Every structure is written in structure tokens, then in C-alpha cells.
Amino acid sequence: MKQIHYEDIVENVSVMCQEANYDLGNDIITAFKSSIKTETSETGRNILSQLIDNANIASSERVPMCQDTGVAVFIVEIGREIMVTGGSLTEALNEGVRKGYEEGYLRHSIVEDPLSREKSKDYNAPAVIHVELVEGDHLTVHMSAKGGGSENMSRLSMLTPADGIEGIKEFILKTVEEAGPNACPPLVVGVGIGGNFELSAYLAKKSLFRPIEHRHPKPHVAKLEKELIKEINNLGVGPQGMGGSTTALDVKVEIAPCHIAALPVAVNLNCHASRYKTFTL
């Protein structure tokens, strides 16, 4: 059985938290550049150019690309042949967040109690952690710095099977349109369909870890993704809600089996700063 030490996880998580906030992924930068060529609004093109400049400044000067440095969200794939030594996996992830956010001068945004609004005593921890058990002897950690503005505009609806594909589309389009400028478009739109109440939300979140333009392997789901991109960009919300033809950079859909009487659909919006990093030990 392969052993992975607690401190190795802490150090890698610390680095990834900072890199997620300093270095926007090449897939997002490429999407910005492609969108400039097709954006119909001059204001929209200017905003997209400014977003590229902002990302370049953040990367070169090692400063956050946005003042909201997000909630640390993890999806962890742990192999059956892995043993974490020196401490627990959960605590290693949280200590990495504390270390990375504090040493990187990233904003501490977590309250301990959602009702009293008392600030967490841990620096931007605890994180939101999802663990998936997989085959093999590797530990893969996916991390997203998820901003509050786009998260607040996310929605979930328990549709019925009779609503069908058109009902699903109507709900997604309504969510994006009502979000308007508040989710900081151009967006990456994550959609979870099926499962149940909580699983659909997780699927929507998980879809956001997929790189831009990586289509779902099932053709009918990939077709839905492409249709939604077109229909969302026809809404006219545009970059930063100032109008235009680039409201979404991409739409990603994940599906799961569900009850015959159910059709849960979750929409998890991500702002233009779609910040995620991955490492494997």
C-alpha cells in the first residue's frame, strides 16, 4: 500500500490555493481571445481585453485576480491502495488552505456560523470537501476557488419528467438571465441533471472542473451543451452584464440516473475567473 504523508498534502494544497488565485487557466485565456473575435459589442470586446490584462497582471505580479478569493472547494480522488500517514486527509486539506491563503495574502472569507456571522478562527477554512474512492494508488486533488457572487446566483429546481428537455433549458436560461451582471459574466455554466436533490447540485459543481470546450462523452449530452451555449449567448447579457454576444464561455452538463418521478436540475454558475487547479501524488 502506498503511503502519502500529511505534510506533502498540506504543502501541495497551499501552493495550489495561491496558484488558483494568481494564474487563470490557459483554457479560459484562450476562450477570452476567441470571444473577442466573435463578440458583437465594442464595449464587450473592451471588457474581454481588460479581463485578459487583469489575468496577466495577476500572474506576473503574483496577486489575486479578484478581491473575492473564494471558498476553497475540493474534489478528491483517493485510490484504494493509498494510506495517508501523519494525520487525516481532511485536516491536511484544511491546513493547506489556512497556510496557502494566509501566506498568499488571500482574503479570509469564511464565517463559522451562518446565523451569527461569527468569523471562522481558521484562515479561510474549513474548506468544502468531496471525496471519491477510486481504483489505484494515486491521490488526485482538484481545487476551485469559488467566488460568492456567482455562487449566490446559482439555482436548483425539482422539475418533473413532463418538463423534458425544453423545461430544463427554460430553467437554465432563466437562471442565467436573472443573474445578469451579478455573477460577473462571461460565465462558465455548470449543470447537473438527475440523481436527487443533493446529487444534482454536486454534479453541477463537479462539471465546472472540466476544461473549457471538453464536451460530455455522451453525444446527446454534448449536443445539449452546444445548444445551451448558443441560446445563453443569445440572451444579450454580455461581458460584465453590459450587453453583447458573450454571456457564457462554456456550458458543461453532467447527468446521473434518477427516480422515475423526478427530474432534478441544478445550475452552478462560475464567473469569468473560473479558478481551478489539480495535483496528483
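Strand S2 (residues 71-79) pairs with S4 in the parallel sense, and seven bridges connect the two. Within this predicted model, one such contact can be picked out by residue, since isoleucine 78 has leucine 133 as its bridge partner in S4.

These two strands belong to an open sheet of four strands, whose order is S4-S2-S5-S10 and whose pairing is mixed. Strand S4 (128-134) and strand S10 (276-280) each have a single partner strand and stand at the edges, so one side of each is left without a neighbour in the sheet. From one strand to the next, the twist in this sheet averages 15 degrees. Helix H4 (residues 89-103) lies across S2, S4 and strand S5 (139-146), and its direction makes an angle of about 140 degrees with S2.

Another open sheet is formed by four strands in the order S6-S9-S7-S8, again with mixed pairing. Its edge strands are strand S6 (155-159) and strand S8 (248-258), each of which pairs on one side only. Here the twist averages 15 degrees from one strand to the next. Strand S7 (residues 187-195) and strand S9 (residues 263-270) run antiparallel and are joined by six bridges, with valine 188 standing opposite asparagine 270 in S9. Helix H7 lies across S6, S7, S8 and S9, running at about 145 degrees to S7.

Side chains of opposite charge can pair when their charged atoms come close. The structure holds 18 salt bridges, and one of them is formed by the side chains of lysine 205 and glutamate 151, at 2.9 Å from N to O. This pair links distant parts of the chain, because lysine 205 sits in helix H7 (residues 197-207) and glutamate 151 in helix H5 (residues 148-152), 54 residues apart.

Which residues lie nearest the centre of the largest pocket? They are Val71, Val128, Lys146, Glu151 and Lys205, out of 28 residues that line this pocket, so that both members of the salt bridge just described, lysine 205 and glutamate 151, are among these central residues. The elements that give two or more residues to this lining are S2, S4, H5, S6, H7 and S9, and H7 gives the most, with four residues.

In the second largest pocket, which is lined by 14 residues, those closest to the centre are Ile165, Ile168, Ile193, His220 and Ile255. Helix H6 (164-179), S7, helix H8 (219-233) and S8 each supply at least two residues of that lining, and H8 provides the largest share, five residues.

The volumes and lining classes of the two pockets are set out below.

| Pocket | Volume | Lining by class |
|---|---|---|
| Largest pocket | about 560 Å³ | 12 nonpolar, eight polar, eight charged |
| Second largest pocket | about 270 Å³ | 10 nonpolar, two polar, two charged |

Rolling a probe the size of a water molecule over the atoms shows where empty space is left. The structure holds one cavity of 30 Å³ or more, and the volume of the largest cavity is about 30 Å³. Its lining consists of Leu24, Phe32, Leu51, Asn54, Ala55, Met65, His272 and Ala273, which by class amounts to six nonpolar, two polar and no charged residues. Helix H3 (residues 42-61) contributes the largest share of this lining, three residues.

Definitions and conventions. Residues numbered from 1 in each chain as written. Predicted model: local features only at pLDDT ≥ 70, side-chain atom pairs only at ≥ 80, totals over all residues. Heavy atoms only, no water. 1 Å grid on protein atoms, 1.4 Å probe; cavity = no way out; pocket = protein on both sides within 12 Å on 5 of 7 lines; lining within 4 Å. Points joined across faces, edges and corners; volume = space filled by probe spheres on them. Nonpolar A, V, L, I, M, F, W, Y, C, P; charged D, E, K, R; others polar. Pairing = 2+ DSSP bridges. Axes fitted to C-alpha atoms, helices over the stretch in contact; angles between N-to-C directions. Contact = heavy atoms within 4.5 Å. Salt bridge = Lys/Arg side-chain N within 4 Å of Asp/Glu carboxyl O.
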